[in-house]
Amino acid sequence: DQRVEQVLEKIRYTRVSKGISILELSVRADISRSQVYYLESKRKIPSLSLLFRIADALEVDINTFFAE
């Protein structure tokens, strides 16, 4: 689904724009590095609870990932 891909792209964009590494995001969100990699490479679809954890780890509102 294109909307899911857009959310995943925004996660990566937000992480990179804040200068946060995959490792740092994984530690902050308490998930594995490979899970972050799979999300950003669009190989895995995140649950809503995981999106909240990632948003908190990136210090953004979850709506950031859904904004057009």
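This report describes helix packing, the largest pocket and selected backbone angles in a predicted model.

## Helix α1

Helix α1 covers residues 2-17. With 16 residues at 1.5 Å a residue, α1 should span 22 Å, and this agrees with the separation of its end C-alpha atoms, which is 22 Å. The buried residues in α1 are Val7, Leu8, Ile11, Thr14 and Arg15. Because these residues cover an arc of only 125° around the axis, they lie on the same side of α1. Gln2, Tyr13 and Ser17 are exposed on the other side of the helix. The cover over the buried residues of α1 includes α2, α3 and α4.

The N-terminal end of α1 is capped by aspartate 1. In this cap, a side-chain oxygen of aspartate 1 is placed 2.7 Å from the backbone nitrogen of arginine 3. After the helix comes glycine 19, with a positive phi near 70°.

## Helix α2

Helix α2 comprises residues 22-29, and within this helix Leu25, Ser26 and Ala29 are buried. These buried positions cover an arc of only 100° around the axis, and therefore sit on the same side of α2. Among the elements that cover them are α1 (2-17), α3 (33-40) and α4 (48-58).

Just after α2, the backbone at aspartate 30 adopts a positive phi of about 60°.

## Valine 36 in helix α3

Valine 36 belongs to helix α3. Its relative accessibility is 2%, so valine 36 counts as buried, the cut-off for that class being under 20% relative accessible area.

When residues up to four places away in sequence are not counted, valine 36 touches Ile22, Leu25, Ser26 and Ile31. Of these contacts, Leu25 and Ser26 are also listed among the buried residues of α2. In addition, the C-alpha atoms of valine 36 and leucine 23 are separated by 8.4 Å, although the two residues are 13 residues apart along the chain.

## The largest pocket

The largest pocket holds about 190 Å³ of space. Its lining consists of 13 residues, and those closest to the pocket centre are Arg3, Val4, Val7, Phe65 and Phe66.

Helix α1 supplies the largest share of this lining, namely six residues. Two of the residues closest to the centre also appear in the description of α1: Arg3 provides the backbone nitrogen in the contact with the capping aspartate 1, and Val7 is one of the buried residues of the helix.

## Positive phi angles beyond α3

Lysine 42 is located in the loop between α3 and α4. This residue has a positive phi of about 65°, although it is not a glycine. Its relative accessibility is 37%, so lysine 42 counts as partly exposed.

Glutamate 59 lies in the segment after α4. Here too the residue is other than glycine, and phi is positive, near 60°. Glutamate 59 has a relative accessible area of 63% and is therefore exposed, since the exposed class begins at values over 50%.

Note on methods: Residues are numbered from 1 along each chain as its sequence is written. This is a predicted model: local features need pLDDT of at least 70, side-chain atom pairs count only at pLDDT 80 or more; totals for chains, interfaces and linings use all residues. Side-chain values use heavy atoms; hydrogens and water are left out. Buried means under 20% relative accessible area, exposed over 50%, partly exposed in between (1.4 Å probe, protein chains only). Helices (H or I, at least four residues) and strands (E, at least two) are DSSP runs, numbered from the N terminus. The arc is that of the directions from the helix axis to the C-beta atoms. Contact means heavy atoms within 4.5 Å. The expected span of a helix is 1.5 Å times one less than its number of residues. A polar contact is a pair of N or O atoms within 3.5 Å; within protein, one must be able to donate a hydrogen and the other to accept it, and residues adjacent in sequence count only if both atoms are side-chain atoms. On a 1 Å grid over the protein atoms alone, a cavity is a set of points where a 1.4 Å probe fits but cannot get out, and a pocket is an open set with protein on both sides within 12 Å along at least five of seven lines; lining residues have an atom within 4 Å of a point. Grid points are joined across faces, edges and corners, and a volume is the space filled by probe spheres set on the points.
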